[in-house]
Amino acid sequence: MASTAALNLLTDHPALYEARFPAPDRLAARWTEDCLRRHRAGARVLDIGCGTGRDAARLHAVGRRVTGADLSEAMLAHARAHHPGPVYVHADLRGFDLGRGEFDAVVCLDSSLLYCHTNAQLDAFLSSCRQALAPGGLLVAEMRNGAYFLGRTDLLDAPAVDTFTWQGSVYRSTTTLTVDRTAQLLRRTRVWTVDDGPEPVEQRSVWRLLFPQELRHLLGAHGFDVLELHDGPGPRTEPPWREGLLPGATADADRLHVVARLSPAR
Ligand SMILES: C[S@@+](CC[C@H](N)C(=O)[O-])C[C@H]1O[C@@H](n2cnc3c(N)ncnc32)[C@H](O)[C@@H]1O
């Protein structure tokens, strides 16, 4: 029987996280910078749910003044040590106060926004973004698309097994996804075994399943105009985004990308 670990194997082990999800060409940061440039965002960027700081540091390297924020102290410590440049702060995206009008853009990548599970948490996130942004500021987010699960069960039908090697140890994960339709949540159970490890580690994660029109409605209700809302190309689509590609017009595939502007009048 697998035990439930108090720590998150990946987000509390940032080096392992980077090994599991290598991003050598910083595609997510490059896609973000493309969005920021196309919509003429100012220099001050908040990367909320910044993780190991890789994207924040890349945005810093191209001239942005970046603050990276995350809930995980382990992630923040790793980011400060390995991806210097941005200022890194502890914050909970389900309600944060990092000043009023301090940022020209808030970016929230790789489904971090979906850690807002309830409508109240989504409202708190968007209210916090609204407070943090200067009038006319941008919100750029990239996440799983809840609408993908309408009529499709391919991700739910059977556990997915994956293996990777890190520092000489072989890590195997068996991942099971289930949908809680009432709460609109995607629940993931992942059991890890490490070849020289003592016992399996079971970890559970939960994401909100947000639908494109629901997101559009929430953004509008919080004073944002939606500039782009589409399923790709993006940093985690297949084929992935590359320089020069413009946003699509559909929201059918498994990733959702949104760029929204806070109303210039507050
Ligand atoms: C999938 S990782 C994405 C990290 C980074 N944005 C990237 O694209 O590599 C999700 C991150 O969200 C953070 N996170 C989870 N819940 C959060 C919360 N309530 N507030 C802030 N960060 C949170 C985790 O610690 C983790 O670093």
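Let's start with Arg64, a charged residue that turns out to be buried, because 25 other C-beta atoms lie within 10 Å and the cut-off for calling a residue buried is 20 or more. Keep in mind that this is a predicted model. Arg64 sits in the loop between α3 (54-61) and β3 (65-70). If you set aside the neighbours within four places in sequence, Arg64 is in contact with Ala43, Val45 and Leu59. Glu33 is worth a look too: it is 31 residues away from Arg64 along the chain, and the two C-alpha atoms are 9.1 Å apart.

How far can you trust what you're looking at? The protein chain has an average pLDDT of 93, and 95% of the residues score at least 70. The stretch to treat with care is residues 1-6, where the pLDDT is below 50. In the model this stretch does have ten contacts beyond near neighbours in sequence, but where pLDDT is low, the predicted coordinates should not be read in detail.

Now move to strand β5, residues 103-108. Is this strand mostly covered or mostly open? Covered: six of its six residues are buried. β5 has a partner in strand β2 (residues 44-48), and the two pair in the parallel sense over three bridges. To find this pairing on screen, look for Leu46, which stands opposite Val106 in β5.

β5 also pairs with strand β6 (residues 133-144), again in the parallel sense, this time over five bridges. Here the marker to look for is Val107, which stands opposite Val140 in β6. To get from β5 to β6 the chain passes through helix α5 (residues 119-132), and this β-α-β crossover is right-handed. As for the two markers on β5, Val106 and Val107, a general point helps when you inspect them: in a regular strand the side chains alternate between the two faces of the sheet.

Follow the chain out of β5 and you come to the loop between β5 and α5, which holds Asp110 and Ser111. Both are worth a stop for their backbone angles. Asp110 has a phi near 55°, positive although the residue is not a glycine, and Ser111 has a positive phi as well, near 70°. For context, most residues other than glycine have a negative phi, and most peptide bonds are trans. Which of the two loop residues is buried, and which is partly exposed? Ser111 counts as buried because it has 21 C-beta neighbours inside 10 Å, whereas Asp110 is partly exposed, with 19 other C-beta atoms within 10 Å. The cut-off of 20 falls between these two counts, so they end up in separate classes.

Asp110 leads us to the ligand. In total 18 residues surround the ligand, and Asp110 is among the closest, along with Gly49, Gly51, Leu71 and Ser72. What mix of residues makes up this shell? By class, there are seven nonpolar, six polar and five charged residues.

One last stop takes us further along the chain, to the loop between β11 (224-230) and β12 (255-262), where Pro233 is found. The peptide bond joining Gly232 and Pro233 is cis, with omega about 5°. Pro239 lies in the loop between β11 and β12 too, and the bond from Glu238 to Pro239 is likewise cis, with omega near 0°.

Note on methods:
Residues are numbered from 1 along each chain as its sequence is written. This is a predicted model: local features need pLDDT of at least 70, side-chain atom pairs count only at pLDDT 80 or more; totals for chains, interfaces and linings use all residues. A residue is buried if 20 or more other C-beta atoms lie within 10 Å of its own, exposed if 12 or fewer, and partly exposed in between; C-beta atoms are placed from the backbone. Helices (H or I, at least four residues) and strands (E, at least two) are DSSP runs, numbered from the N terminus. Two strands pair if DSSP finds at least two bridges between them. A crossover is right-handed if, with the strands pointing away from the viewer, the path from the first strand over the helix to the second runs clockwise. pLDDT is the predictor's confidence in each residue, from 0 to 100. Two residues are in contact if their C-beta atoms, placed from the backbone, lie within 7 Å. A residue is near a molecule or strand if its C-beta atom, placed from the backbone, lies within 6 Å of it.
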